[in-house]
Amino acid sequence: MPLLSLERVSRDFDVSRPWLNRMLEHEPRRVLRAVDGVSFEVESGETLALVGESGCGKSTVARLIVGLYAPTEGRVVFHGRRLQMIFQDPYASLNPRWRVRDIVGEPIRFLGTGARVEELLVQVGLSADDGDKYPHEFSGGQRQRISIARALGGEPDFLVCDEPTSALDVSVQAQILNLMSDLQSRLGLTYLFISHNLAVVSQVADRVGVMYLGRMVELSPAGMLFSRPRHPYTRMLLDAVPDLGMSGKSRTPVRGEVPNPLAPPSGCPFHPRCPHANDRCRRELPEFIDGVACHAVAERRI
Amino acid sequence: MLDVRDLRVEFPMRRGTLTALDGVSFSIAPGEVLGVVGESGAGKSITGLAIIGLLEPPGRIAGGEVRLEGERIDNLPADELRKLRGRRIGVIFQDPLTSLNPLYTIGRQIEETIVTHLPMGETQARERALALLREVGIPGAEARYEHYPHQFSGGMRQRVVIALALAAEPRLLIADEPTTALDVSIQAQIIALLKRLAAERGAAVMLITHDMGVIAETAHRVAVMYAGRIVELGSVREVIHAPRHPYTVGLMGSIPRIAARKGRLVQIDGAMPRLNAIPRGCAFNPRCPRRFARCLVERPDLLPAGTSFAACWLHAAA
């Protein structure tokens, strides 16, 4: 049995203007569908990564899983013991007026905290005395360690990590990614890892889901996704990653921008930017079959 | 084109003076893109701000000199510097909204910059503004001319800022994290644009970023900064494929690359020192895997290392 499964989950947000404006200007209600019919499962012990550009719905999926939002349609089923979330901004997610001891101890305050807090701090590579300090005394990387210590307090088996290293410098990012992988093997954790950075994802993920305009467009084992991407959007994303090797390979220039989610294109949401789009793509929404949602792939055109 | 010698920037504080930059020297030739890379707190943005005279008080240039086309610009009075910015130096910041006035249409803002700096009438300026918008790749430039900044997406706004920075044909373009706030697909478009413009116009470009990938794709030479100093300076190819300073070696190893399987990254333990606690000797010594006695007491300057330069005693002639 998978640890977590999402069954055709959708989430709408009402972004209408205030009632009076709507009445005066005869505007209808406006609804933004941030996540649209997303299904996937996460097996115990694996890292599933979700990637995509801003506005693709990946963070909304994270919030649906931990229950910060309720799904408009579909359901989220969790079979594990406990889940926790790690946020992107280690500056905003720690209360500046609390000592680290209280921040880390708060979620487990009914379990008797003292020694446990120190153990948690040591586990994430901080020292036991750091509990007496305030968040501002720490660098960004150390703060993210504090967030991780706090998340581990209740002995979760599932961690939802929303861009956990995006606010950090690369050398610190490497420290945090290595720490997360150590903790995973030591504690048998399962991760849902959300990131816009494909290189980071390729270092941590077992499987990768690519999202575009609220839909899952491809979901494959990481090795396959990075060596043989199938969906044209996945190919485009991979092409856009700057080439550190300086191999001099020519990059396909990416065309256009993500469309306005309030007025998504007809048919396949990617068709206006897709080099392989035809009439069917403009008309008909592709089904998610065998790990990919693309007419061109299904018809073996690419 | 740009020549910076021994630049030193200080922030006098109540409890003593913080030195943000110390002994920073480099130059950029016409048509060349120099990448300045480093982690937060390395001093890369301060370097850019010092050159254009926009240091936040109490920050001030405490030593050294900055020359643009041979002429000293670090000691110019504020209003002369303001004329210089926009006319001979174009600036692009990370957040396009800091460079755009929300109350004016983008067309008017570009037009105004042109009229202020170039001997052109209104009609001519409008023609030029439209040409610039087309050049930076804004579709339907005529229609977009009358739009306000909030009506543009992030990528389009950054294009407008680039058009604005180029309006008066600057000789030097300073771009501070121009692509950091953008999605990867848009990032690639903006990088290509910057590269093309530098090549076509023969402007010198100083590209400040924390992203080595962006530098690899755009720059000719790169300066790696750490704790307010340049620790390595060389051609991009050399610095990426044969880094000479242990910090650059660690930095290159910690950058995740697309890999077919999961793996561990090289990590540099510790963090960049704060400005009030810069270690004696080489500032990198507490984190350096190859430190020896001399590193603890004596601060290295840039020394020749291969075809690059590295501020590291490993490269001192014995």
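Angles under 35 degrees count as roughly parallel, over 145 as roughly antiparallel, 65 to 115 as roughly perpendicular, and whatever remains is oblique. Keep that in mind for the helix pairs on this tour of a predicted model.

**Stop 1: helix 9 of chain A against helix 8 of chain B**

Select residues 232-240 of chain A, which form helix 9, together with helix 8 of chain B. Their axes lie 8 Å apart and the packing angle is about 45 degrees, so helix 9 of chain A and helix 8 of chain B are oblique to each other. Their crossing is left-handed.

Now show side chains. On the chain A helix, pick M236(A), L237(A) and A240(A); facing them on helix 8 of chain B are V184(B), S185(B), Q187(B) and A188(B). Sorted by class, this contact has five nonpolar residues, two polar ones and no charged ones.

**Stop 2: helix 6 of chain A against helix 11 of chain B**

Next, take residues 170-187 of chain A, which is helix 6, and add helix 11 of chain B. Here the angle is about 55 degrees, with 8 Å between the axes. That makes helix 6 of chain A and helix 11 of chain B oblique to each other too, and the crossing is left-handed.

Which residues make the contact between these two helices? From helix 6 of chain A, highlight V170(A), S171(A) and A174(A); from helix 11 of chain B, highlight G250(B), L251(B) and S254(B). The split for this contact is three nonpolar, three polar and no charged.

**Stop 3: the whole contact between the chains**

Zoom out. Chain B puts 38 residues into the contact and chain A puts in 36. On chain B, color helix 8 (184-201), helix 9 (212-218), helix 10 (236-241) and helix 11 (246-254): these are the elements giving two or more residues to the side that touches chain A. Helix 8 of chain B gives the most, with seven residues. By class, the chain B side holds 18 nonpolar, 12 polar and eight charged residues.

**Stop 4: the core**

In soluble globular proteins, nonpolar side chains tend to be buried together. To see this model's largest nonpolar core, start from L192(A), A163(B), V205(B) and L207(B), which touch the most other members out of its 175 residues. Then select helix 7 of chain B, residues 154-166, the source of this core's largest share at eight residues.

Finish by centering on A163(B). What does A163(B) contact, leaving aside its neighbours within four places in sequence? Look for I110(B), L132(B), L133(B) and V136(B).

Definitions and conventions. Residues numbered from 1 in each chain as written. Chains lettered and ligands numbered in written order. Predicted model: local features only at pLDDT ≥ 70, side-chain atom pairs only at ≥ 80, totals over all residues. Contact = placed C-beta atoms within 7 Å. Helix = DSSP H or I, 4+ residues; strand = E, 2+ residues; numbered from the N terminus. Nonpolar A, V, L, I, M, F, W, Y, C, P; charged D, E, K, R; others polar. Core = buried A, V, L, I, M, F, W, Y, C linked by C-beta atoms within 7 Å. Buried ≥ 20, exposed ≤ 12 C-beta atoms within 10 Å, placed from the backbone. Axes fitted to C-alpha atoms, helices over the stretch in contact; angles between N-to-C directions. Left-handed = near helix turned anticlockwise from the far one by under 90°.
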